[in-house]
Amino acid sequence: MQMGNQLVDYHCHLDLYPDHALAMRECDEDNVATLAVTTTPRAWERNIDLASTTKNVRVALGLHPQLVADRAREISLWDEFLPSSRFVGEVGLDASPRFYKSFDKQKDVFQHILRACSKSGNKILSIHSVRTAKIVLDMIEKELPAAKGKTVLHWFTGSTKEMRRAVDLGCYFSINAQMLVNERKADLVKEIPRDRILTETDGPFTQTGNRPSRPADVVMVVDQLAGLHRMTETEMIGTIVNNLQRLEESP
Ligand code: MN
């Protein structure tokens, strides 16, 4: 059992760093409980192999909405691996201009994923919702209510009203540094109930200084969250670790 100084990076693409094995090992060396999300089910077996030698890495089975245009047929491979995975991600919807053309296909794939998770039960999902918070929440409400599975909204950028609706649906939020870059954004994060927050880097897609973020960089998010909630860093770390344990408890 880890002591109270454990960090949490609940959305990181460890397989997209130049040295995948090293990125995994560093999660143990730096004591960061990490959810290694994947963008295609083709990455699943390699990730599971490498993670099996670590204590801190969980691997999530994904099919990224930004890849659905070309890879929707990989859903059959995703189905094949689902029984062996408690964690699912990165999945969701992306309505930004570059990906809007595949939006109908994305909705079909995401609906399929939510239904499969509901049927299996006891899954934890890391969900992408760029420009589409309302539809994502509608689909979670309809297809994967809290009794059927747990959902973590990654890099949430919806409105305050949508955030409250997500809280009512039982969602957690993984917060990254980009969500705290200005006061307006931080105001939304501050309103998220304390017992629903986790931290993430979304590395290597985000930068810390001049290099891609690494899982241990979540300490900067922890410090900012501590400031927002007028807590010490240690108290905030304890809060996040408790949230992680509650999230991952089986019903
Ligand atoms: Mn991501």
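This section describes the overall fold, the manganese site and selected backbone features of a predicted model.

The chain contains 10 helices and 10 strands. Its radius of gyration is 17 Å, close to the 18 Å given by the globule rule for 251 residues, so the chain is as compact as a globular protein of that length. Along the principal axes, the C-alpha atoms fill a box of roughly 45 × 40 × 40 Å. Buried residues account for 55% of the 251 residues. Among contacts with a separation of 6 or more, 71% are between residues 24 or more positions apart. The chain exposes about 11800 Å², of which 50% is supplied by carbon and sulfur atoms. With respect to charge, the mean position of the 32 positive charges and that of the 34 negative charges are 5 Å apart.

The manganese ion has the protein donors H11 (NE2), H13 (NE2), E90 (OE) and D202 (OD), which lie 2.3 Å from the ion. The spacing of these donor residues in sequence is H-x1-H-x76-E-x111-D. Distant parts of the chain are linked by the pair E90 and D202, which are 112 residues apart: E90 belongs to strand β4 (residues 87–94), and D202 to the loop between β8 (197–199) and β9 (207–208). Both of these donors fall under the 20% limit for burial; E90 is therefore buried at a relative accessible area of 2%, and D202 likewise counts as buried at 6%.

Two cis peptide bonds were identified in the same regions of the chain as these donors. The first of those described here joins G89 and E90, with omega of about 10°, and E90 lies in strand β4. Another cis peptide bond joins G203 and P204, with omega of about -5°; P204 is located in the loop between β8 and β9.

Positive phi values occur at N31 and N122, neither of which is a glycine. For N31, phi is about 55°. This residue is found in the loop between α1 (20–29) and β2 (32–36), and N31 counts as buried at 12% relative accessibility. For N122, phi is about 65°. N122 lies in the loop between α5 and β5 (123–130) and is partly exposed, with a relative accessible area of 32%.

Helix α5 (residues 103–120) also holds S118. At 15% relative accessibility, S118 counts as buried. With residues up to four places away in sequence left out, S118 touches E143, L144 and K148.

Notes
Residues numbered from 1 in each chain as written. Predicted model: local features only at pLDDT ≥ 70, side-chain atom pairs only at ≥ 80, totals over all residues. Heavy atoms only, no water. Helix = DSSP H or I, 4+ residues; strand = E, 2+ residues; numbered from the N terminus. Rg over C-alpha atoms; globule rule 2.2 N^0.38 Å. Buried < 20%, exposed > 50% of the residue type's maximum accessible area, 1.4 Å probe, protein only. Contact = heavy atoms within 4.5 Å. Areas by Shrake-Rupley, 256 points an atom, 1.4 Å probe, with all protein chains shown as cover. Lys, Arg positive; Asp, Glu negative; His and termini not counted. Charge placed at Lys NZ, Arg CZ, Asp CG, Glu CD. Donors = N, O, S within 2.8 Å, 3.2 Å for Na, K, Ca; no water.
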